[in-house]
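Biologist: Please take one helix-helix contact in this model and go through it closely. I would like the residues on each side, the geometry, and then how the contact sits within the rest of the protein.

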Amino acid sequence: MLSRLFAPKVKVSAHCDLPCGVYDPAQARIEAESVKAVQEKMAANDDPHFQARAIVIKEQRAELAKHHVSVLWSDYFKPPHFEKYPQLHTLVNDTLKALSAAKASSDPKTGEKALELIAEIDRIFWETKA
């Protein structure tokens, strides 16, 4: 009797964890833009205290960007996307590696490379939403 009382009244299903609209590569892009901006600021400031704080912020933002890319890969993209875009697995892997490189580097070129790859994920993402 209790199981019927507390049983869901409506069954729902979704392509992703939540109904679409909650995923967006912009989250990864914003964090990656922060990484690159911090790298540029680090190049212009040789104060060791500033450098130490900048490194912490850069590494945190790179991890957040990696998280957002990983969530897209594991939660949003599904087999039909991988069939239509066979390069998607490699693209996501390359993006995560680029973000790791940016996390470990103060060179803004590494941040720019990550942004370029995120832009390609963004392009594919929006094509899947069309």
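Modeller: On the H2 side of the contact with H3 are Gln-27, Ala-28, Glu-31, Ala-32, Ser-34, Val-35, Val-38, Gln-39, Lys-41 and Met-42. They meet Phe-50, Gln-51, Ala-54, Ile-55, Ile-57, Lys-58, Arg-61, Ala-62, Leu-64, Ala-65, His-68 and Val-69 in H3, where contact means heavy atoms within 4.5 Å. Sorted by class, 13 residues of this contact are nonpolar, five are polar and four are charged. In that sorting Ala, Val, Leu, Ile, Met, Phe, Trp, Tyr, Cys and Pro are nonpolar, Asp, Glu, Lys and Arg are charged, and the others, Gly among them, are polar.

The model is predicted: local features need pLDDT of at least 70 and side-chain atom pairs count only at pLDDT 80 or more, while totals for chains, interfaces and linings use all residues. Residues are numbered from 1 along each chain as its sequence is written, and side-chain values use heavy atoms, with hydrogens and water left out.

Two packed helices are described by the angle between their axes and the distance between the axes. For H2 and H3 the angle is about 160° and the axes are 8 Å apart; axes are lines fitted to C-alpha atoms, for helices over the stretch in contact, and angles run from 0 to 180 degrees between N-to-C directions. H2 and H3 are therefore roughly antiparallel, a label for angles over 145 degrees, with under 35 counted as roughly parallel, 65 to 115 as roughly perpendicular and the rest as oblique. Their crossing is left-handed, that is, the near helix is turned anticlockwise from the far one by less than a right angle.

One residue of this contact, Ser-34, lies in helix H2. Ser-34 counts as partly exposed because its relative accessibility is 26%; buried means under 20%, exposed over 50%, and partly exposed in between (1.4 Å probe, protein chains only). Between Ser-34 and Ala-65 the C-alpha distance is 9.6 Å, at a sequence separation of 31 residues.

H3 also packs against H6, at an angle of about 30° and with the axes 12 Å apart. This pair is therefore roughly parallel, and H3 passes H6 in a left-handed crossing. Val-69, Leu-72 and Tyr-76 in H3 meet Ile-118, Ile-121, Phe-125, Thr-128 and Lys-129 in H6. Six residues of this contact are nonpolar, one is polar and one is charged.

Lys-66 is also in helix H3. Beyond four places in sequence, Lys-66 touches Leu-96, Leu-99 and Ser-100. The C-alpha atoms of Lys-66 and Lys-103 are separated by 10.0 Å, with their positions 37 residues apart along the chain.

Turning to the core, the largest nonpolar one has 22 residues, and Val-69, Leu-72, Phe-77, Leu-88, Leu-99 and Ile-121 have the most contacts inside it. Such a core is a set of buried Ala, Val, Leu, Ile, Met, Phe, Trp, Tyr and Cys residues joined through side-chain atoms within 4.5 Å. H2 (26-43), H3 (48-76), H5 (88-104) and H6 (108-129) each supply at least two of its residues, and H6 gives the most, with seven. Outside its neighbours within four places in sequence, Phe-77 is in contact with Leu-72, Phe-82, Leu-88, Ile-121, Ile-124, Phe-125 and Thr-128.

Overall, the protein has six helices and zero strands; helices (H or I, at least four residues) and strands (E, at least two) are DSSP runs numbered from the N terminus. Of its 130 residues, 34% count as buried.
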